[in-house]
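Trainee: Could you take one part of this model and go through it with me slowly? I would like to see how a single residue is read against the rest of the chain.

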Amino acid sequence: MADFNELTKMEDRTAEFDPADAQQNKAMGILAYIGPLVLVPIFAAKDSKFARFHANQGLVLLIANAALSILGAILGLITWVLKLFLVWPFQVLCVVLIVFGIVSAAKGQCKELPIVGKFKILK
């Protein structure tokens, strides 16, 4: 398994993408981080490598956030203390990563998000 520094590194892959594609699909990149709206760039901009890069990261975040919500609901039934200390910090981390992703997409950059950027769901 990769060490913590490797997981938290934000690798800038912007040079791998066409600047015109990035400029044209910034809005799709931003939508990719707004929950279920990740489906918009997945289907509407399937030929854009820029949009797919951000859609992949947004989809990973959506899945992680859904899993955390389910875990939070289960732990909340047991005790709110478990939910407070085990789930909420990770949900805050998801929000921070979403903001990082939106900022990266708005700037026309392709920076892998810490932790989730290494996971590839979409090709």
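**A close look at D21**

Mentor: In this predicted model, D21 is buried and yet has no salt bridge, for the nearest side chain of opposite charge, that of K49, is 7.7 Å away. A salt bridge would need a side-chain nitrogen of Lys or Arg within 4 Å of a carboxyl oxygen of Asp or Glu, and it is worth holding that cut-off beside the distance to K49, which is 7.7 Å. The side chain of D21 does have a polar atom 3.1 Å from the backbone nitrogen of F50. If we set aside the neighbours within four places in sequence, the residues in contact with D21 are S48, K49 and F50, so please find these on the display, remembering that contact means heavy atoms within 4.5 Å.

Now let us place the residue in its surroundings. D21 belongs to helix α2, which runs over residues 19-24, and the protein as a whole has 6 helices and 0 strands, giving the pattern α-α-α-α-α-α along the sequence. Of the 123 residues in the protein, 34% are buried, and D21 is one of the buried ones. As for charge, the protein carries 12 positive and 9 negative side chains, with the centres of the two sets 6 Å apart. Finally, among contacts in the protein with a separation of 6 or more, 66% come from residues 24 or more positions apart, while the C-alpha atoms fill a box of roughly 50 × 30 × 20 Å along the principal axes.

Note on methods:
Residues numbered from 1 in each chain as written. Predicted model: local features only at pLDDT ≥ 70, side-chain atom pairs only at ≥ 80, totals over all residues. Heavy atoms only, no water. Helix = DSSP H or I, 4+ residues; strand = E, 2+ residues; numbered from the N terminus. Buried < 20%, exposed > 50% of the residue type's maximum accessible area, 1.4 Å probe, protein only. Lys, Arg positive; Asp, Glu negative; His and termini not counted. Polar contact = N/O pair within 3.5 Å; in protein donor to acceptor, adjacent residues only side chain to side chain. Charge placed at Lys NZ, Arg CZ, Asp CG, Glu CD.
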